[in-house]
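Please find below a note on the assembly, set out as numbered points that can be checked against the coordinates.

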There are 4 protein chains.
Amino acid sequence: MPTNKKPQVTAPKKSTAPAPQRRRELLDTAAEVFAEQGYNATTVRKIADHAGMLAGSLYYHFDSKESMLEEILRSFLDELWDGYDAVLDAGLGPRETLEALVTESFREIDRHRAAVAIYQKESKQLAPQERFAFLAESQRKFQKAWLSTLERGVAARVFRADLDVRLTYRFVRDTVWVAASWYRPGGQHSPEEIARQYLSMVLDGIAVREEPL
Amino acid sequence: MPTNKKPQVTAPKKSTAPAPQRRRELLDTAAEVFAEQGYNATTVRKIADHAGMLAGSLYYHFDSKESMLEEILRSFLDELWDGYDAVLDAGLGPRETLEALVTESFREIDRHRAAVAIYQKESKQLAPQERFAFLAESQRKFQKAWLSTLERGVAARVFRADLDVRLTYRFVRDTVWVAASWYRPGGQHSPEEIARQYLSMVLDGIAVREEPL
Amino acid sequence: MPTNKKPQVTAPKKSTAPAPQRRRELLDTAAEVFAEQGYNATTVRKIADHAGMLAGSLYYHFDSKESMLEEILRSFLDELWDGYDAVLDAGLGPRETLEALVTESFREIDRHRAAVAIYQKESKQLAPQERFAFLAESQRKFQKAWLSTLERGVAARVFRADLDVRLTYRFVRDTVWVAASWYRPGGQHSPEEIARQYLSMVLDGIAVREEPL
Amino acid sequence: MPTNKKPQVTAPKKSTAPAPQRRRELLDTAAEVFAEQGYNATTVRKIADHAGMLAGSLYYHFDSKESMLEEILRSFLDELWDGYDAVLDAGLGPRETLEALVTESFREIDRHRAAVAIYQKESKQLAPQERFAFLAESQRKFQKAWLSTLERGVAARVFRADLDVRLTYRFVRDTVWVAASWYRPGGQHSPEEIARQYLSMVLDGIAVREEPL
DNA sequence: CATGAATGAGCATTCATTCAT
DNA sequence: GATGAATGAATGCTCATTCAT
C-alpha cells in the first residue's frame, strides 16, 4: 500500500502516466498545503505552485478547490471506516475494541496526516454544508462506535463507572486525533508505539499506582 | 509589550461612555465571530454587523483586523499567565501543581472560550510572524512549565517513569485545551467539575483498577 | 416597495447626493455598454471605466453584473407596462388600440433605447433562468395584448381576415421593436413621427393604391 | 477575398472520407450552437461536445473559433449574393424585384437559419473588425440594392412617395430578416408561403381596404 | 485525426482598508 | 464616532489555444 507520490510499480509500455495516479498526486499535494496553511488561506495558485503548474491547469483535473477538499476528506474517511468497521465487526471485548480503535486511529494519522489535520481544523465549518453532509454522517457513526464501546466497558466493569461517559468519550476522541497536529511520519516513534503509550496513559493514568501489597 | 492606539488618556469632553469599555465590547464581539467562523473566513463586515455598525467604522477603534486578533490573544495570554504564574510560584508539589494548572486552564477556557478556540486554531500559522512572536514566547514558557512539573513528578516517583515525558506532555496539554472546542459556559458541568474528572482520567486512567486486596 | 439596500428612512440633512440617483446613473451607464457590446462581451471593468471608477467599486452598489442586468430590464418593463396598461384599459377600438400601442412602443424605445436593445438581444437566453422569469411573464402578457387586439380587429373587419394572425403578430411586433437597433434619440424623426410612418406602412402598405374611382 | 486553409487540393493518400465534408459538418454544428447560445457564450468545448470530439481536436480543422465564425458567415453571404445578384440582374420592374428579393430572403432563412440568426445578432459588433470587413461590404451592397429598388418604385409610382424612403428601407429589411429569430424549417408554413403573406402585408398593409365602389 | 494535459490571459467577485463628510 | 463611497490587490475560475503523443 503505497503512501507517497510515485508508486510507479510497472511502467506502462507507451503511455506516460495513467490519469488516476496524477489525480492522486495532485490531491496529496493539495492536502499538504491545506493542512499547513488552512483551507481558506490556501490559494489555488499555491497548490499549483507546489504541483509545478499554473493555477488554471488544476481545473483540468478538478471542478473546484472545494471539490479537491471534498475528495481528500472523503477518501480519508472511506479508508478510516474500512479499518474501523473491521475492528467493530471482529467481536472483541470492550477493552480490546478500544485498544484496536486507538491503534487503528494512529495508523490512519500516519497514513493520512494531512487529511486528518484538515478534518480537525475544518470539519466544524464544513459539516453543515450539503456537500459535506458525509462529515456529519461520519461523526455520528464515530460517536456511536466509541460511545457504545465505552458503555459496554462500563457495563462489563472494565471501564470506570464513576466518570461521565460523554466526557470520557470526548477525552479519548480528542486526545487521539489531536495528535495529528504534531505527528510527523518517520519520527522517532512508530504509530503503534505512540498508540501503546497513549493507551497506557488513557487506561491506567500517568500517576504512579500504589503497589497492591 | 506595546499595544497600539490605546484609548486617549484625556477623557473626551462630552462623551458619556468611557472608550475602553466600548473597545472591550467590540473585541469580545470580534473574538466570538473569529472563534465561530475562523479568522480568515471572518470578514470585517461580519464583525461590524454583529456590533451594529459599518465595516469602515471599526477602523476608528482599531488599526486593522489583525490588530484586533492580536489584542484578543494578547489579553487572553496575559490573564492566563497571571493565573499560571500564581500556581507556579506557590511552591506546590508536582502532583498538586499539575492539578492546579489543569484547574486553572479549565477556568480560563470558561472565561475566554472564544480566545482559547482562536488560539487553538490559528496559533500555528500566526506564531512565525514577527507580530505574533509573543505566541511562540508563551508556548515556550508553557512547555517549560508543564515539562518541568512532569519531570519533577517523575523524579519524585509520583508520575510514571516508563512513559516518554514529551509524549506525556503533549497528551496532557492537548487533552486539556482541546476541550475549548466543545465547552460551552453555563453547561451542565462547571469548569471545576470538568477539571476534576479530567484529572481523574489523566492521573488514574479510565480502566478499572484491580482491588489491592 | 423599496428595491434597494439602504432604506434611509429620513434623509440626513447634509448628505451630498441621494443614493438612488447614483444607482440610476450607474445603471444607465451599464445599460449603454451592455447595449453596445452585448451582455457577455461587456466586462465589469468596461462598465466601471465608463463610470470613472474601479471594477470592484461597482460592488458597493450592486450585487453582481447579473443583478445590474436584471434591474435594467425590470425597470424598463415596469415602465413599459405602465404605458401599455393605460392604453389597454382605455376602451379603444382595435385599430386605435394598435395605433396607441405602436406609438407607446416608439416612445419607450426613445426613453429606454439601451434597455430595449438589450432586451432584444438577450431575452431569449435569459428567459429560461429562474431569475429572469419576469421576462417570460412579460412576453406572455405582451403576446396576449397584441394578439387579442389583432383578433378583435379581424372580428370587427378593420383588419384583414386573410392573413395568419400569428404571423401578423410577429410581423408587427418585430417590425416595431427592431427599430431600437438603429434608432438614436435626437435624430431627425421624433418617436411620434416614426410611429406615424410605421403605422401607415403597417396598416396601408407601401404600395400605391389604385385610385377608387 | 481570401479565405484561409482551404481543404488541400491534393487528396490525402490514404484517407477515405473527403475532408471538406467533415469540415462542413463541423461548421453546421458550430453554427447551430452559435445561433442558439450566442457567439461569445459558446465555448469551443460545447461545439466539440456536439461534434463528439474534444475541444483541442477542432484545431486540427480550424485555426480558431473566430475563423469558424468567419467561414460560416462568409459562405452564407456568398450564397445569399448568388441569389440576390440573379434577381437584380434579371431586369425586373421595381415591384417584381422587391417581391423576388423578399422571396429569395425567406429561402435563405430556410436554408441557413443558423447563419442568419448569427448574422443578425453579431454583425454589428463584428463589422468594424478588419477580419469581418466583408460584412460591412455586404451591408453596403445590400442597402444599395434595396434602396435603389424602392427609389425606382417611387419614381415609377408603384411605391408610395409620401414615406421617408430610408425609413421604408429599414422597415422592409428588418421585417424580413428578423423572421430568422422565430422561423423553424419544416414548420407549418413554407418559406414561399411566409414570403407571400409578408409581401401582402408590406405592400398592401394589414388594414381592410375600403371597397372601391 | 484525435486525445490529454497544460498554458496564460482575462474575468467576476471579495475584502481589508482609506477618507472626506 | 460613524457613514458612504471608493480603492486596489488578490482570489477562484473560465476558456481559447497549443502541442507532444
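The points below take up the basis of the model, then the symmetry and the contacts between chains, and then the two DNA strands.

1. The model is a predicted one, in which local features need pLDDT of at least 70 and side-chain atom pairs count only at pLDDT 80 or more, whereas totals for chains, interfaces and linings use all residues. Residues are numbered from 1 along each chain as its sequence is written, chains are lettered from A and ligands numbered from 1 in the order in which they are written, and side-chain values use heavy atoms, with hydrogens and water left out.

2. Chain A is superposed on chain B by a rotation of 180° with 0.0 Å of shift along the axis, at an RMSD of 0.1 Å (a least-squares fit on the C-alpha atoms of residues with pLDDT of at least 70 in both copies). This is the relation of a two-fold axis, and the C-alpha of chain A nearest to that axis, at 1.9 Å, belongs to Gly205(A). Because 98% of the interface residues of chain A are also interface residues in chain B, the copies meet through the same surface.

3. Between chain D and chain C, 45 residues of the former are in contact with 45 of the latter (contact meaning heavy atoms within 4.5 Å). The buried area is about 4000 Å², of which carbon and sulfur atoms give 58% (the accessible area, for a 1.4 Å probe, that two parts lose on being put together, summed over both).

4. The polar side of this interface deserves a separate remark. The count of salt bridges between chain D and chain C is zero (a side-chain nitrogen of Lys or Arg within 4 Å of a carboxyl oxygen of Asp or Glu), while 25 residue pairs, both at pLDDT 80 or more, are in polar contact (a pair of N or O atoms within 3.5 Å; within protein, one must be able to donate a hydrogen and the other to accept it, and residues adjacent in sequence count only if both atoms are side-chain atoms). The side of chain D that touches chain C divides into 20 nonpolar, 11 polar and 14 charged residues.

5. Around DNA strand E there are 32 residues, of which Ser57(A), His61(A), Tyr59(B), Tyr59(C) and Ser57(D) come nearest (a residue is near a strand if one of its heavy atoms lies within 4 Å of it). Sugar and phosphate make up 72% of the atoms of DNA strand E that come within 4 Å of the protein.

6. Several atoms approach phosphate oxygens of DNA strand E: an N or O atom in the side chain of Arg22(A) at 3.1 Å, a backbone N or O atom of Val44(B) at 2.7 Å, and a polar side-chain atom of His61(D) at 2.9 Å.

7. DNA strand F is surrounded by 30 residues, the closest being Tyr59(A), Ser57(C), His61(C), Val44(D) and Tyr59(D), and sugar and phosphate account for 73% of its atoms within 4 Å of the protein. Phosphate oxygens of DNA strand F lie 3.1 Å from an N or O atom in the side chain of Arg22(C), 2.5 Å from a polar side-chain atom of His61(C) and 3.3 Å from a backbone N or O atom of Thr42(D).

How values were computed. Ala, Val, Leu, Ile, Met, Phe, Trp, Tyr, Cys and Pro count as nonpolar, Asp, Glu, Lys and Arg as charged, and the others, Gly among them, as polar.
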